[in-house]
Amino acid sequence: MTVFLDERRALAGYTQTGAYSMSATLYQRSVRVSCERPNEDYTEWNVAGFHTLKATLGISDDQSNAFGAIGEFIFYNQNGNAIGKPHVVSVGSPKKVEVDLTGVVRLRITCSGRDSKTSKTRSLHHLRRRHDRLLRRGSDADRGDV
């Protein structure tokens, strides 16, 4: 079974859903999140029973204050352990990711913004995650049909 994050309520953090464009591609089922400081800007979802999160991370083409900015996403399990490596994005450079959710009950996604030249903290207000899909074993998307 495939479930989109825009259909689920976040347990913590700010989210807004809608259609946004990254690199001139319109993503209809997007989740927008705050992005400045990782210990303040995070969202959490109950993902018990799902095995994979597939998403495209990025900065919307029309995002203000994004010139020369970098957004970094990190995924954590309920114990605070990072899942995989950080994912870095910038305007015009979205990134497709797959996150293994085996054994994860609560998923926390942090986002921090910084200047690409100085590395100083920088508010990007809201970054977008596009087409976030949670997959259960045996789903059509699990077999590559989506």
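A residue counts as buried under 20% relative accessible area, as exposed over 50%, and as partly exposed in between. R114, at 24% relative accessibility, is therefore partly exposed. The structure described here is a predicted model, and the account below follows its strands, its disulfide and its charged side chains.

Strand 9 comprises residues 106-115, and seven of its 10 residues are buried, so that the strand is mostly covered. Strand 9 is joined to strand 6 by eight bridges, the two strands running antiparallel. Within this pairing, F75 has I109 of strand 9 as its bridge partner. Strand 4 is likewise antiparallel to strand 9, with five bridges between them. In this second pairing, Y42 stands opposite T110. In a regular strand, the side chains alternate between the two faces of the sheet.

One disulfide was found in the model. The bond is formed by C35 and C111, whose sulfur atoms lie 2.1 Å apart. The rotation about the S-S bond is -70°, and the link of C35 and C111 is left-handed. C35 is located in the loop between strand 3 (25-34) and strand 4 (42-46), whereas C111 belongs to strand 9; the pair therefore ties together parts that are 76 residues apart in sequence. A disulfide is a covalent bond between the sulfur atoms of two cysteines. C35 has a relative accessible area of 1% and is buried. For C111 the relative accessible area is 1%, and this cysteine is buried as well.

Side chains of opposite charge can pair when their charged atoms come close. Across the whole structure, six salt bridges were identified. One of them connects R29 with D6, with 3.0 Å between the closest N and O atoms. R29 is part of strand 3, while D6 occupies the loop between strand 1 (2-4) and strand 2 (15-22), so this contact links distant parts of the chain, 23 residues apart. R29 also forms a salt bridge with E7, where the closest N and O atoms are 2.9 Å apart. E7 is located in the loop between strand 1 and strand 2, and 22 residues separate E7 from R29. The three residues differ in their accessibility values: R29 is partly exposed at 27%, D6 is partly exposed at 24%, and E7 is partly exposed at 48%.

A further salt bridge is formed by the side chains of E72 and R114, at an N to O distance of 3.8 Å. E72 lies in strand 6 (residues 69-76) and R114 in strand 9, so the contact ties together parts that are 42 residues apart in sequence. E72 has a relative accessibility of 18% and counts as buried, whereas R114, at 24%, counts as partly exposed. Salt bridges that share partners join D6, E7 and R29 into one network.

Charged groups also lie over aromatic rings. The charged end of R29 sits over the ring of F4, at 4.1 Å from the ring centre. R108 is positioned over the face of Y42, with a distance of 3.6 Å to the ring centre. Between aromatic rings themselves, the count of pairs is zero.

Terms used
Residues numbered from 1 in each chain as written. Predicted model: local features only at pLDDT ≥ 70, side-chain atom pairs only at ≥ 80, totals over all residues. Heavy atoms only, no water. Disulfide = S-S within 2.5 Å. Helix = DSSP H or I, 4+ residues; strand = E, 2+ residues; numbered from the N terminus. Buried < 20%, exposed > 50% of the residue type's maximum accessible area, 1.4 Å probe, protein only. Salt bridge = Lys/Arg side-chain N within 4 Å of Asp/Glu carboxyl O. Phe/Tyr/Trp six-rings, centres within 6.5 Å; stacked < 30°, edge-to-face > 60°. Lys NZ or Arg CZ within 6 Å of the ring centre and 35° of its normal. Pairing = 2+ DSSP bridges.
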